Amino acid sequence: MRKISLNVLLSGLVSVSVLMTLTIMIISSYTTQKRALIDNTLSNNYVNAVQMSQTLDSLFLSMQSSLKYAAKYIHEDDFTDTNKLNATMDLIQNSSNFFNSVALADQTGIVRSISPYYESVIGKHVNSKAAKLAIQSKASYISEAYPTPRTNHTIMFIGEPLNDASGNFIGMIGGNIHLQEYNILNLSFGNQLQAENGSYFFIVDQKGTLLFHPDANRIGENVSRNDVVRKLLNNQEGKERYKNISDVDSLAAYYKVPTTNWGVVFVTPTQTVYDQLNHHIWMLLLYTSIPFLILTLVVLRVARKLASPFVLLADMITQMENGEVNQSVVKPHWNREADLLTRTVIGAMRTLKQKTDQLVYQAGTDVLTGLNNRRTFEEIIQQWTQREAPFSIIVLDIDRFKTINDTFGHHAGDEVLKRIAQQIQMSVSSEDFCFRYGGEEFVVLLQNCRSDQAYETAESIRLTVQNSTFTIDHRVTISAGIAEYPVDSSCAADLFQLADAALYQAKQEGRNRTIVKALNNE
């Protein structure tokens, strides 16, 4: 039998060990990051779907408010003053980009005025089914989306009743919204349907018909057979991995719009996550390939002289596979080559650990503010409730933050978020946790803290924000809601909902205040 030399044997064993270690490291990293990326993508998509739903809801409420405001100042006597009515309709239609057209009809359905002005319509009965239903209802009305007979464009109608001084119904003022033409809806959603990373969203009506979609040719298509759309039609909201109608594996979050019963679906193709994951693996290989190459070359040189350094190397690789590298027990080797080998391995593992720690940090941290993110919040509050240690939760929200963004721009809004995040973090101890829960909402968890103590902390934060000077010429305030575990609830989800309800009460009572759930019940 042919004998294998020690040099060849050691060289072969070390080479195989290095390759196996690298393979195990990559497989472990791939598995961990895959789960983290999918979870984060689903969470981010859900936040985006909720925010888009809230934006749509706010837009429709604003449209109704504008019509209600106009209805207050239109009287029965105005029906005979054509010039005044036309001027009023023009003012409503031109003062915002809510509606593509605005019209006024009397209680019999006769059109008295319209903007833009069409003389052929004046004096005739309204011809759309939506307008007729609105007049019959004699109440605030939002129609379903429906196609126009001639152009087959999708439109919807919003109407508000006109009443005389005695409260009698005298007519209806309403606006048409052409979903594929220029207006506030198309401006807000029609041009922002797809992100650079492949994510996109679409909006369906209460029958599952596409109203907004990145592929304009699909608008008007009924997609109720889509799994997530079917759940929306059954009044369900959530996030999940699924295959769409085209059999594309996707990560989707879906949420309903209260005023119209529409559904918003935010989708990221799963392949996008895999692309990010593959990029991460390639970068990991790039960062580790040179240290491992140096390691291999050094070991091959040492293998020609003595065998003892390979024992040390095997021990260190075993430690790395188990994830327990104790660098304090590694002492300088009497042999120069062996010592160089040892330091190279330590450097490679340190680089790997730094990269892994950085990825873990990014997965649990909000990029803008540097606070813990929602995922970390859910993990910590579950740990605390399982431990059954008392604590309090503070949910804070910036008052009228949308006004700041709309007035001063999103960059200024980001600066406000970062400043308030710093003030929150400085107001609590190192044993407590601060989180950016989403948008302009923050959460603080206070260990071994009663609700009255949490109230003092929340008030300190609120007053600090109230008295602070920001880079924008605008007064910034916050509202807060508090709940205590286990006094108010022993369930983490219910506890958060109680604090959030207290926050909502603070908003309802005028904002810039703190509400304690327990005190509210008393």
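Let's start with Asn 86, which sits in helix 2, residues 82–94; helices here are DSSP runs of H or I with at least four residues, strands are runs of E with at least two, and both are numbered from the N terminus. Asn 86 is buried, at a relative accessible area of 14%. By buried I mean under 20% relative accessible area, by exposed over 50%, and by partly exposed in between, with a 1.4 Å probe and protein chains only. Setting aside neighbours within four places in sequence, Asn 86 is in contact with Ser 113, Ile 114 and Tyr 117, where contact means heavy atoms within 4.5 Å.

A quick word on where this comes from. This is a predicted model, so local features need pLDDT of at least 70 and side-chain atom pairs count only at pLDDT 80 or more, while totals for chains, interfaces and linings use all residues. Residues are numbered from 1 along each chain as its sequence is written, and side-chain values use heavy atoms, with hydrogens and water left out.

Now, please find strand 7, residues 200–204. Five of its five residues are buried, so strand 7 is largely enclosed by the rest of the structure. Which residues cover its two faces? Tyr 200, Phe 202 and Val 204 are buried on one side, and Phe 201 and Ile 203 on the other.

Strand 7 also has partners, and two strands pair if DSSP finds at least two bridges between them. With strand 11, residues 262–269, strand 7 runs antiparallel and is joined by five bridges; there, Tyr 200 has Val 267 as its bridge partner. With strand 8, residues 210–212, the pairing is again antiparallel, over two bridges, and Ile 203 is matched with Phe 212. Strands 7 and 8 form a hairpin with five residues between them, and Gly 208 in that turn has a positive phi of about 90 degrees.

Let's move along the chain to an open sheet. It has five strands in the order 13-14-12-15-16, with mixed pairing. Strand 13 (433–438) and strand 16 (514–516) stand at the edges with a single partner each, so one side of each has no neighbour in the sheet. From one strand to the next, the twist averages 20 degrees. Inside the sheet, strand 12 (residues 391–398) and strand 14 (residues 441–447) run antiparallel, joined by seven bridges, and Ser 392 stands opposite Leu 446.

What lies across this sheet? Helix 13, residues 492–508, lies across strands 12, 13, 14, 15 and 16, and runs at about 150 degrees to strand 15. For such angles, axes are lines fitted to C-alpha atoms, for helices over the stretch in contact, and the angles run from 0 to 180 degrees between N-to-C directions.

Some backbone details next. Most residues other than glycine have a negative phi, and most peptide bonds are trans. Glu 388 has a positive phi of about 60 degrees although it is not a glycine; this residue lies in the loop between helix 9 (374–387) and strand 12, and is exposed at 63% relative accessibility. Arg 511, also not a glycine, has a positive phi of about 70 degrees. You'll find Arg 511 in the loop between helix 13 and strand 16, partly exposed at 27%.

And the cis bonds: the peptide bond from Ser 115 to Pro 116 is cis, with omega near 0 degrees, and so is the one from Tyr 485 to Pro 486. Pro 116 is in the loop between strand 2 (111–115) and helix 3 (129–137), whereas Pro 486 is in the loop between strand 15 and helix 13.
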